[in-house]
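Colleague: Could you take a close look at a single part of this model for a first-year student, and then lead on from there to the rest of it? Please take your time, and tie each step to the one before.

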Number of protein chains: 2
Amino acid sequence: MDFCILIQKERMTVNIMIENTEKNRYIFGIDIGGTACKLGLFHEDGTLLEKWQIPTDRANGGMNVFTDLAAAVDSKLEEKSINREDVIGIGAGVPASISGEGVVQKCPALGWSNFNVADKITEVIGFPAVCGNDANLAASGEAWKGANHSYSDVVFVTLGTGVGGGIICNGKILQGAHGCSGELGHIKVNPAETREDGCGGHGCLQQYASATGIANLAEEALTARGDEAKGTYLYGRIKVNAKNVFDGAKKGDEICLDVVDKFGEILGRALAGICVVFDPEVVIIGGGVSAAGDILIDAVRKHYVEWAFPPCADMEFRLASLGNDAGIYGCAKMVIDELTEL
Amino acid sequence: MDFCILIQKERMTVNIMIENTEKNRYIFGIDIGGTACKLGLFHEDGTLLEKWQIPTDRANGGMNVFTDLAAAVDSKLEEKSINREDVIGIGAGVPASISGEGVVQKCPALGWSNFNVADKITEVIGFPAVCGNDANLAASGEAWKGANHSYSDVVFVTLGTGVGGGIICNGKILQGAHGCSGELGHIKVNPAETREDGCGGHGCLQQYASATGIANLAEEALTARGDEAKGTYLYGRIKVNAKNVFDGAKKGDEICLDVVDKFGEILGRALAGICVVFDPEVVIIGGGVSAAGDILIDAVRKHYVEWAFPPCADMEFRLASLGNDAGIYGCAKMVIDELTEL
């Protein structure tokens, strides 16, 4: 309920509307992925009230996603007895480069091309919408709500199937003039590499520091040792993965320790370069591989310090703490920043 | 002369002061270097009215600089019949890392340590002062007034004795949490390098892309060719410098062309990495070496494109156009941004 104050002085009357701050307003944060969409219902103060996920149906040119999301949102509103007019809007993350207006040129994971995602969400679900790149939004979510600490200048690196990232500058996502800021997986760390990366280049950071990259480093280490590798932690596995490598290192396996050190050297040295371009308060490392924990941070920090420009050698390193929720937090923050007047 | 408007309505009287916009106010931009201080007198609208320089006297723990600058400023004010109250303030650039408050920890070029340069300028010269790093201010000056075009997101690289740089983000200098943003000369481009850089690291970009670095690349190329180098452009020179290399390349000398290409490869590949961290509208290349002109930009762009992440492969490259004046322009902009209300 809103109320009014009337101020009467001399013969002038001033009418001031004050919004009742007791009123609850809500935000949906939706992280649209190739296999699942993660949804979060947030209070306007940024509190996550509930989260859940639905499978991504890529049929119908990726258009079913929107009707499925509309059904999910409507059913949550009904379940919670929330009026539609109390929803501020929807923030959505997509696994693609996206313009400030919400236009995606190409999004192979969803089958979209050259199309305005924000307009489509508003059309089908019926709320104001803002969209962004999923890795950037995860960076923003971590900077905002991660690790029990709010940061305004962050380099965020995600180690998953590939290596992604996001730069937070003055509390805002740095988009870049061509939408490429924070595409850290494509820094060239080995000009001599002959294998091609997904981007068409070669020697990209993600060819070594992603889950796939770490598995490759391990395979190479096993091959290089030949018979000496017999009986070691990784030997004889049909397919080595990044988790095996970190598990083995925690058990003291020498080959695994070497691979973790090699990974730390490549990522630490790349970060030493990244941090003289954009010098953040903190480097946050997330993504599936970061589940390895402190052993990973320690390996990266050790080599970062060795290669860092001295004035920023004392950099803070942290593991991401929101896990898969980072994206929906970033989506909610984007709605707060862009659709509400603070 | 300021004037007043009186508004009388009902029984309420409003008194509005309007500043006379005809009034001229002035700014001094001072680029303090180890051998000379460059001074600029600017109109508050950013027009450079006059520029000159005085030698840097490093005696007396670097304190003579301030009395010399005070004398230079006072004599210019007298010459131009400018009242002291019409000076908004002084912007000064120093060849060191400097805090937002104007504190320099260490500035070997001037012999200063742990001292507030802005306070000292105000104390000795008598005007409000703001200070910044000289390379960052040159970046800001170029972004603001260079190349007949104003840019808001710029990567600026200076190729001089070393390699410096500055990042302009949303029209402002990116300082970084440890004052290290834009220290592009310290990106590690060759982990196998055994020679040590001035920063204590090895394999830094400036070991190859500075004037000194280019001369080293040329010496190596001459040595590698042995007798085959006889009669070529660089052969027999007592000391090869970067200018010789570019001059020889312009004349078609094969060794010089190879060295320019090698330089372009190292800097172009480094810039491909820089531009996926901070993705600018334009890369501007300045510093003494940039006097080589288009041949330099062409060599860098050729290799940038080869190594760039495809969405930002179509990057704009420009030569700096303000030369030695970039710094004083950046100083004036800093005063406009920080000491005037726009």
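**From one residue outward**

Modeller: Let me begin with B:Asp45, which is partly exposed, since its relative accessible area is 47%. Please keep in mind that this is a predicted model. B:Asp45 sits in the loop of chain B that runs between β4 (36–43) and β5 (48–55). From this loop we can look across the chain to B:Ala224, which is 179 residues away in sequence and whose C-alpha atom is separated from that of B:Asp45 by 55 Å.

A contrast is offered by B:Val73, which belongs to helix α1 (residues 64–80) of chain B. With a relative accessible area of 0%, B:Val73 is buried. Setting aside residues up to four places away in sequence, B:Val73 touches B:Phe28, B:Ile30, B:Leu39, B:Ile125 and B:Phe127. There is also B:Gly40, which is 33 residues from B:Val73 in sequence, with 9.7 Å between the two C-alpha atoms.

A strand residue can be described in the same manner, and B:Gln105 in strand β7 (residues 103–107) of chain B will serve. B:Gln105 counts as exposed because its relative accessible area is 53%, and the cut-off for that word is over 50%. Even so, B:Gln105 has partners: apart from its neighbours within four places in sequence, it is in contact with B:Ser97, B:Trp112, B:Ser113 and B:Asn114. Its C-alpha atom and that of B:Ala242, 137 residues away along the chain, are separated by 32 Å.

Next come pairs of helices. Two packed helices are described by the angle between their axes and by the distance between those axes. In chain B, the axes of helix α3 (residues 134–145) and helix α9 (residues 326–339) come within 7 Å and cross at roughly 85°. An angle from 65 to 115 degrees counts as roughly perpendicular, and α3(B) and α9(B) are therefore roughly perpendicular to each other. From α3(B), the residues that take part include B:Leu137, B:Ala138 and B:Trp144, while those they meet in α9(B) include B:Tyr329, B:Met334 and B:Ile336. Sorted by class, this contact has nine nonpolar, four polar and three charged residues.

Chain A gives a second pair, in which the axes of helix α5 (residues 211–225) and helix α6 (residues 242–250) come within 8 Å and cross at roughly 60°. Here α5(A) and α6(A) are oblique to each other. The residues that meet are A:Ala211, A:Ile214 and A:Ala218 in α5(A), and A:Ala242, A:Val245 and A:Phe246 in α6(A). By class, the contact of α5(A) with α6(A) has six nonpolar, no polar and no charged residues.

This leads us to the interior. In soluble globular proteins, nonpolar side chains tend to be buried together. The largest nonpolar core in this model has 114 residues, and those with the most contacts inside it are A:Phe263, A:Leu271, B:Phe263 and B:Leu271. To picture one of them, consider A:Leu271, which, leaving aside neighbours within four places in sequence, is in contact with A:Val155, A:Val157, A:Val283, A:Val300, A:Tyr304 and A:Phe317. There is also a second, separate core of 35 residues, with A:Ala70, A:Val87, A:Cys107 and A:Val117 among them.

Two loop residues of chain A deserve attention for their backbone. A:Ser81, in the loop between α1 (64–79) and β6 (87–94), has a phi near 50°, which is a positive value in a residue other than glycine. A:Asn170, in the loop between β11 (163–169) and β12 (172–173), also has a positive phi, near 55°. A:Ser81 is exposed at 65% relative accessible area, and A:Asn170 counts as exposed at 62%.

Stepping back to chain A as a whole, we find nine helices and 14 strands, and a C-alpha trace that spans about 95 × 50 × 35 Å along its principal axes. Of its 342 residues, 53% are buried. Among the contacts in chain A with a separation of 6 or more, 58% join residues 24 or more positions apart.

Finally, how do the two chains relate? Chain A is superposed on chain B by a rotation of 180° with 0.1 Å of shift along its axis, at an RMSD of 0.0 Å. The two copies are thus related as by a two-fold rotation axis. The same surface serves both copies, for 100% of the contact residues of chain A recur in chain B.

Technical notes. Residues are numbered from 1 along each chain as its sequence is written. Chains are lettered from A and ligands numbered from 1 in the order in which they are written. This is a predicted model: local features need pLDDT of at least 70, side-chain atom pairs count only at pLDDT 80 or more; totals for chains, interfaces and linings use all residues. Side-chain values use heavy atoms; hydrogens and water are left out. Axes are lines fitted to C-alpha atoms, for helices over the stretch in contact, and angles run from 0 to 180 degrees between N-to-C directions. Helices (H or I, at least four residues) and strands (E, at least two) are DSSP runs, numbered from the N terminus. Angles under 35 degrees count as roughly parallel, over 145 as roughly antiparallel, 65 to 115 as roughly perpendicular and the rest as oblique. Contact means heavy atoms within 4.5 Å. Ala, Val, Leu, Ile, Met, Phe, Trp, Tyr, Cys and Pro count as nonpolar, Asp, Glu, Lys and Arg as charged, and the others, Gly among them, as polar. A nonpolar core is a set of buried Ala, Val, Leu, Ile, Met, Phe, Trp, Tyr and Cys residues joined through side-chain atoms within 4.5 Å. Buried means under 20% relative accessible area, exposed over 50%, partly exposed in between (1.4 Å probe, protein chains only). Copies are superposed by least squares on the C-alpha atoms of residues with pLDDT of at least 70 in both.
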